[in-house]
Amino acid sequence: MSTTLLSVRGLSITLGSDARATSLLQDVSFDVSTGQILSIVGESGSGKSMTAKAIMGLLPPKANSSGIAMFRGQNLLAKNTTPPRGTGIGLIFQEPMTALTPVLTIGSQLTEAIVVHGLADINAAHRRAIEMLDRVGIPNPVQRMRQYPHELSGGMRQRVMIAMMMLLEPDILIADEPTTALDVTVQAQILDLLRDIVFDTQIGLILITHDMGVVAEMASDVIVLKAGQVVEAGSVQQIFDAPNAEYTRALLDAVPSIEAAHLQPLSTKGTVILSARNLHKTFRGQRGVGPAGPKTKALDDVSLDIWHGETLALVGESGSGKSTLGRVLLRLTEADQGTVELGNMDLLALTGAQLRLTRRKIQMIFQDPYASLDPRQSVGAAILEPIIIQGSATKSDRHEVVSELLTRVGLTPEMANRFPHEFSGGQRQRIAIARAIASGPELIIADEPTSALDVSIQAQILDLLADLKQEKKLTMLFISHDLAVVRQVADRVAVMRQGRIIELGPVDAVWSAPRHPYTKALIDAAPVPDPHRKRGLRTPLTGSFSTGKLTEVAPGHWVAS
Amino acid sequence: MDTKVDTSVHASPLGFWKRLLLSPNGIVGLVIVLGLIFCAIFAEHLAPHNPAKMGTGGRFLPPNSDFFLGTDEFGRDMLSRILYGSRITLLIGAVAVGISLTIGMLIGMLAAFRRGWIEAILMRSTDILFSFTETLIALSFVAVLGPSLQNAVIAVGVAGIPFYARTCYSAALVETSKPYFEASISIGSSPGRLLFFHLLPNVLPTMIVVATLGVSTAILAAAGLSFLGLGAQPPTSEWGYMLAGSRDYINRAPWLMTIPGLAIAVTVLGFNLLGDGLRTSLDPVERK
């Protein structure tokens, strides 16, 4: 029998004084009961985090909240009320790195809260902390108690955060994008853990996320927020199967699915335009004098051909070396060893002016549209820069070229005189794309071009890239951690792990019949935006895989043996 | 899929001047500094007497209706001397900071951009210079070049180089590691273009703030040198020198020391406030 734990009615938040107040949240109402997972979904700026902050009493001083949030017979939104943080409602943050104090051991941070709240004495607290670490799936909990946060991986830290919150035995847990900063396999584990905890202890979980896949896997009820207003609320089946609101439908349409069929026809094997052979790159922990730090093999004997007109996706988790490979091809990072042939030149042997002229042929689209444009350069100047450097347009043509490029990426020519900070993230990424295609490159390397963007914007940018590719016969190396996006845009895919390519082949073949156990685990872990497909326990990732030479198991499909 | 694109742009944020004028520090600093510049330019018209003429009034006259700030040991009008002194003071500040800023920024930008052995040589030499106090560097410079106002200014300018080089170096390091800088490398920009089109405009705001704050330090340092007799020579009306020359009469005519001291203090305060205001208003308006 479920009972209502938290009941929120008419929650509104305004920012600023009464006269010129901006509304951040309007009239949000929901209930959370025992054993329920309620998901609050929305794009950036929708007010989903504000909702959590209001309940926790953590709003910034200038923000005013109104409405009622009844919890344990007390209105949390009333003036002079301090919500029972920790003991009543626990909060888990997105960034487990910054949510733990770096200078204290895990053990002291775990026990501190219990002792401060007077739940147990120090010895009992220590015992309970170890039990809880074991419960959240941390191996060797006794040793972990003595370690510092930086000694743990991101996933482990998030487990510690969950343990810390659960030790205080809250009735409700609020998780604000708890897995956004984590790799997809780790994300799956953390989500499993949260679901387990909710099932076992019958607490209520408010899961704040932008990821419809996570919602489908986790939630029983969903609230869709847009610009501070509830667009739609209902059970997860209803939201996904029969969304009422236009916005919800658009949001669901924009979500790429790993299961979706490939949209573009597979380009047949064309001529090789870039051919990398035996690339090695090792990073050392420390530079300069003194003992060398630990070595990290970012690239370990990587060989790869890119065919004309294809989109080749590089997939892997953080630290897999996928970004390093992109940077080596751009000569932003120097490889230790190996060759890269572009046309009939060895790209890695070029220097000076020759290198600068050749750079035109490979262009990059960066992940962060806020950082990849010079803040003090007008948009027109930024787009014009590669053209001026390559001397490929006369002075009189320049204005027209910029107008044309801006129009092509969906912006207006008048925007040329504006500066990057006047644009939104999606618009900036369009500007970056215009700049990348300005010099007429042969290969475009896109390093997570949409992962900093909202899903509806992501869909637009992916469409734009697909159109441009078709129109200009571009070849693209698409670096991503998002398997669903890759499925949508790529022709071929290379899966990387720890600096090695472990599987390479046509995207449909690899996704529908992965041969390598790591690829299988990766695909298995990706959340699917379909609530009817609740999956059982996943195959846990175990220690070592075969990472040997690639052998061809089917035409064009290579797997590490 | 409809490809309707949002083509609106954010409302343009307040301009630089508006933001400067809205910050209390900035506006007070600006008023003081503008006032100083005004005094320096129109000293001839504002000064009631010739600053170098002895016996304009009696000796050691306290402030009165004829001589607003009194007269000194030679009967020179203090108000006129202070007004003319503002010229030299401002010139010292501007030239000394100009020297430190130009050379310091070149060193800092080059070191951050080139890395490797160039970085090592430039920054380690800067570290060595840093280990001496500025006054010591300035003193030894004057000792070599000989005491004169011009040499004092050069000395103060050289002594400030390490500080500007270090500040610029760290600002440039941050900028060179940003994606836009790499983006520019990857389109084939030449080193000169990278340095002067991308790096310079992005470190300049930081350096302008530092330089504004540095003007006050330079004025103080030059006044210190003059006070020691190594800077301005008589009969120049320079505030530091006036301070030094009147220390024998501190009991008899306290205003002789107080007034130039106050003038230096107000100038330093003005530049510090302006620097503070500039810092807030030059902050790039990235992601609100």
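Q: Across which strands does helix H11 of chain A lie, and what makes its direction relative to S12(A) roughly perpendicular?
A: In this predicted model, helix H11 (residues 322–329) of chain A lies across strands S11 (272–284), S12 and S14 of chain A, and it runs at about 65° to S12(A). Angles of 65 to 115 degrees count as roughly perpendicular, so an angle of about 65° is placed at the boundary of that class.

Q: What makes S12 and S15 of chain A the edges of their sheet?
A: Four strands of chain A form an open sheet in the order S12-S11-S14-S15, with antiparallel pairing. Strand S12 (295–307) and strand S15 (345–346) each have a single partner strand, so one side of each is left without a neighbour in the sheet.

Q: How do you know that S14(A) and S15(A) pair?
A: Pairing requires at least two bridges, and two bridges join strand S14 (residues 337–342) of chain A to S15(A), so the requirement is met. In S15(A), Met345(A) is the bridge partner of Leu342(A).

Q: Why are H15(A) and H16(A) called roughly parallel?
A: Helix H15 (residues 425–438) and helix H16 (residues 455–472) of chain A pack at an angle of about 15°, with their axes 10 Å apart. Angles under 35 degrees count as roughly parallel, and these two helices are therefore roughly parallel to each other. Their crossing is right-handed.

Q: Which residues make the contact of H15(A) with H16(A)?
A: Among them are Ile433(A) and Ile437(A) of H15(A), and Ile461(A), Leu464(A) and Leu468(A) of H16(A). The residues of this contact divide into six nonpolar, four polar and two charged.

Technical notes. Residues numbered from 1 in each chain as written. Chains lettered and ligands numbered in written order. Predicted model: local features only at pLDDT ≥ 70, side-chain atom pairs only at ≥ 80, totals over all residues. Axes fitted to C-alpha atoms, helices over the stretch in contact; angles between N-to-C directions. Parallel < 35°, antiparallel > 145°, perpendicular 65-115°, else oblique. Left-handed = near helix turned anticlockwise from the far one by under 90°. Contact = placed C-beta atoms within 7 Å. Nonpolar A, V, L, I, M, F, W, Y, C, P; charged D, E, K, R; others polar.
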